[in-house]
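Here's a quick tour of a two-chain model, with most of the attention on one of the chains. Have a look at it first, then read on.

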Amino acid sequence: MIKNFIYIIIAFIPLFACQKEITLDVEEVDQEVVVEGYIEQNAFPKVYLSLSSSFFSDIDSATLFNMMVHQAKVTVSDGYKTEVLTLRKNTSHYPIYFYEGTELIGQVGRTYHLYIKLDSISLSAVTTIPAPPKFDSLWVGTLNDSMKYISIKFTDKADSRDYYRTFMKVNGQNDQYVPTYINVFDDIYFNGTTVVFNLYKGYDGLADMNNHNKYLSKGDTVVVRFCSMDKYHFDFWNSYQGKMLNIASFSPSLNKVKTNIKGGLGVWGGYGASYYKVIVK
Amino acid sequence: MKLLRIIFLFFLLAGFVSFGHAQNDTAISFELHVYDDSTGLPMPGVSVFFESLKNGGITDSLGFFKIDLPKGIYSISVSSIGYVNQLLHKKIEKDVSISISLKPAYVITNMVTVYGESQTKNVETTQMGVSEIKMEDAKSLPVLMGEVDPIKLIQLSSGVQTSGDGNTGLYIRGGSPGQNLLLIDGAPIYNPAHLMGFFSVFNADAIDKVKLTKSAIPASFGGRSSSLIEVDSKSGSMQTTKVSGGIGLLTSKLCVEGPLVKNKLSYIICARRSYFEALQPLVKMIINKPASFFTNTNYYFYDLNAQLKFIATKKDILKLNLYSGADHYLYSVKENQEASINWGNSVYSLKWMHFISDNSSLNQIVYATGYSFGFNANDKDYSFNLASGVKDLGYKLEFYTKKSSRHAFTSGIEYVYHTYSPVKIEGDVLDVELQFAELTNMRAHELACFLSDDFHLSKRFLLNFGMRYSWYNHTGPFSEYSKDAIGQVVDTLVYSKKDVLASYIFPEPRISIRYLLQESTSLKASFTSHVQYTHYASLPSVSMPFDIWLPSTMKLAPEKVYQGSVGLFKNLRNNMFESSLEVYYRMYHNLIEFKRGVLNSAFEQSYYNDIAIGTGKSYGAEISFKKKEGKFTGWFVYTLSHSTRQFDEINEGKEFVSTFDRIHDASCVLNYQIKKWTFSTCFIYATGNAITLPEKLYIIQENIISEYAEKNSFRLPSYNRLDISVTYNFKKRNHFESALSVSVYNVYNRANPFYISFETQGDLKKYKLSNKATQVSLFPVLPAITWNFKF
């Protein structure tokens, strides 16, 4: 939230500025395998795979299609049980292919290993599922009838460093849980205390970025998903969030988004999740 | 206002230059008093040169020069910046004392010399890498929006990287702006930028001259590691009250000066203020898409220069100087939602020049200087305040004495008490107070003593050897927190005022040598070392007002710079042309950089953990060629250079080029003077900035992540620009003089890149994606008109 202020300083620059689109002559780079996988308590693991691309290459629909990976062998193990995930399809998502378990179910406190084999490339990662966090209370905040948000209050544990992530799913608007506007945080500023946060709607993918409305409206039915993560899982999403917040800024973040995938990019993360249904009145 | 002047710029040596031959028993005393013909005041710093001896000296602050010579017939050249040269032919057979007056040379020609030498001085002294500019003569040069800016003009010197539009930062031989010792009347000034760096804080009307030294910085200057920039304010007239001013597009200014007690006490007050807010409706018409940030903005800056000069006795002169300037920026959308940025500098100094005898003098200065920055933002739900600043209290004593014709010593001490408040952030969200990292109120003592000698080994060899010893103590009161693995404060160490937290001592030897190959050709070499105890960090990629200054501590050792340079200096056609070639190599140690920017570090509560410490090097060759006299004057400078950095924690430890590395950097300035008209043009070419580009993208959560290539591995297009100006000097009527300047900045409307932004658009569900690179340029072709007056 505070970071938004920084951009006000930066936005002072374009008083006289004129802009033009330019073409840059940059060399192509090698492709890497990108993992977006998660496992939650009482649910099957789910993994999306894709390939990276050169930033300035011509990206048409065929390129985007070819960046999807559907011929990999994806295996998840919790130390007791090992399962090769099954390829499935969801045409309302990019990438449309995903790998999902049918037997192995997430349990709080367990460690999960991920192994991916694609031709001669091997990737691996490990994550844990921490205990789900709980809200003390949540309520709807109002600016006016079409500008509402959700306020949450919760008490952080004092004896540990805790990492959180928040999502929202608005019935009739979202097919999946969409991360809230600011969705990744840890307890560095409030360890062991009770805090209040406001949750606003986040971007539902790239297409939503330009005409984004961060407010809820009267009549919306919302499910809030409140998750805890381990440190490596958090590091990925925290650096990802930093990148996303910086996207429209004058001084983009040059930092790389971290990864916990050996041999590739992306994330394999365990969530301890709680769900809360709210009807916006 | 003396708009039109000829310039003969001279090196002002640290003291008199002694003769290269031994004294003999039949020496005769020659005394000279030099006065300004227009004011009748004694003229300090006038060059007195004996042609047959190939040597000479300068007048002291009372316009007095004395030397012992053998009997003979001498041609004596007496010259000073902006005055008509006088050549005296004298048969000297007995002790003699004469007085002469120099006439201002403003009707002869108009020329700006960025390389400050006179006649053959550039060849004869040990000084290297010096550029000097006299503001009176800069007024006919084409400038941005009619605003003559001393710092922008210094940027036209060799070895100073072109920083581009909207940046007054001086990047000298690969150094950062924070490594320049910028002195206004002997007192340091921390942030020389107005309007986010578009203009410097120096009001050209209040400034007499600016001098930049890149090599062989004398031992009497320290505390910064890259260069020395001395800005001298004007002194008020001791004779008559004068008013001068200027009306420009962006600012207007007024100066009043005159005697309080004739020939004893004078004053000068100069004020300048922008009226940008009044021009907002006009700018809105010009700009296609006025950002809401612009329409809701209220911005102004001002500065004030004042001086009292007191000639107490024949041997004592006192100067009380004041500089105060600030920028205020307010952006408000509606009630309870606004952001403001305020920053500024204040400098106060008292200088006492005491002349003990003909051969020795004592200069003392006491000063207070401060820089502060504040950023406040408030919204319905949250508030955010950030403050940063630094204050210095300083004292310097400098003693000059000429012991014999072979040795001239400069010695002294300097003490500075620093108080740093690097960053203090307060914020709350919905009345919940947030805790940020703080770096407040750190204190340090810096003490130095120095000694240097101008030693004439022979007629051809001149050696300047200097040694500076500096002591530094970081002291309390200070509190240090130790934290556990989860960031909780587990212990607090409290230091009192008497406790020393860190201590450093360093010698800073400096040596320079000149070998005279011929009468008008010399070879020079120098080696200098510098220690900088105050670290500088700024927001990456742009020169923002938010610079922070950090003291050296136990964890943060002082910066060190070593520089070697060699140069060949030659004058042609009876000193009408000056040329030089200089090569240098510099090494930087303990440079700092914030790994993720200053502000990001605040969110992590750990500044020192976020500071990367590294090294740097730069090397290059500088060529300059200048025509000093005649109707047609000008100069051309070219620098070929390279500057790199290496930090273990940045760019995976690999060496990278610094942002303002310019492989090629050239500028050419031409002036043509005909009757009351002056035509000027200026052309600049520089290799583009090194920037970091995204090279890879991937998709997570249906969003695009861009991954950046190696730091500064891509070059922006080159920076180039042509400016022209025409100045007409109206006929002087009843003491009223005025001149009208019309200038055009960026004549061929070159879109020089200021920065490049990237935009990714599309809808992955529909298999659509596009990446756009957009170049933002600051200044298109910009005409300006300025009217300057004086009565």
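## Two cis prolines

Let's start with P477(B), which sits in the loop between β28 (461-475) and β29 (478-483) of chain B. The peptide bond that leads into P477(B) from G476(B) is cis, with omega at about 0 degrees. Keep in mind that this is a predicted model.

Chain A has a cis bond to show as well: Y94(A) to P95(A), where omega is near -5 degrees. P95(A) belongs to the loop between β7 (86-89) and β8 (97-100) of chain A. For context, most peptide bonds are trans.

## Positive phi, two settings

Most residues other than glycine have a negative phi. K675(B) goes the other way, with a positive phi of about 50 degrees, and E702(B) is also positive, near 60 degrees.

Where do K675(B) and E702(B) sit, in strands or in loops? K675(B) is in the loop between β40 and β41 (677-686) of chain B, while E702(B) is in the loop between β43 (694-700) and β44 (703-708) of chain B. Their surroundings contrast: K675(B) has a relative accessible area of 74%, so it counts as exposed, whereas E702(B) is at 3% and therefore counts as buried, the cut-off being under 20%.

## A buried aspartate

D661(B) is worth a stop. This residue lies in the loop between β39 (656-657) and β40 (664-674) of chain B, and its relative accessible area is 0%, so it is buried.

What does the side chain of D661(B) pair with? The partner is the side chain of R715(B), through a polar contact of 2.5 Å. Beyond four places in sequence, the contacts of D661(B) also include S641(B), H642(B), S643(B) and G688(B).

## The cores

The largest nonpolar core has 44 residues, and it draws on both chains: L24(A), L64(A), W237(A), Y240(A), I700(B), I756(B) and F758(B) have the most contacts inside it. Among the elements giving two or more residues to this core are β13 (163-170) and β16 (221-229) of chain A, along with β48 (753-763) and β49 (768-777) of chain B. Helix α3(A) makes the largest contribution, with five residues.

L24(A) shows how the chains come together here. Leaving out residues up to four places away in sequence, L24(A) touches F56(A) in chain A, plus L693(B), F714(B), I756(B), F758(B) and A773(B) in chain B. Another core, apart from this one, has 43 residues, among them V160(B), I189(B), I207(B) and V231(B).

## Chain B overall

Chain B is built from five helices and 50 strands. Of its 791 residues, 60% count as buried. Among contacts in chain B with a separation of 6 or more, 67% are between residues 24 or more positions apart. The accessible surface of chain B is about 29600 Å², with 58% of that belonging to carbon and sulfur atoms.

## How far to trust it

The predictor gives the complex an ipTM of 0.88 and a pTM of 0.76. Chain B averages a pLDDT of 80, and 82% of the residues score at least 70. Among the elements of chain B, strand β12 (residues 187-188) has the highest mean pLDDT, 95, and helix α4 (residues 292-295) the lowest, 51.

Two stretches call for care. Residues 1-25 of chain B stay under 50, though the model has 131 contacts for them beyond four places in sequence. Residues 106-118 of chain B are also below 50, with 83 contacts beyond near neighbours in sequence. Where pLDDT is low, the predicted coordinates shouldn't be read in detail.

Conventions: Residues numbered from 1 in each chain as written. Chains lettered and ligands numbered in written order. Heavy atoms only, no water. Helix = DSSP H or I, 4+ residues; strand = E, 2+ residues; numbered from the N terminus. Buried < 20%, exposed > 50% of the residue type's maximum accessible area, 1.4 Å probe, protein only. Polar contact = N/O pair within 3.5 Å; in protein donor to acceptor, adjacent residues only side chain to side chain. Contact = heavy atoms within 4.5 Å. Areas by Shrake-Rupley, 256 points an atom, 1.4 Å probe, with all protein chains shown as cover. Core = buried A, V, L, I, M, F, W, Y, C linked by side-chain atoms within 4.5 Å. pLDDT = per-residue confidence, 0-100.
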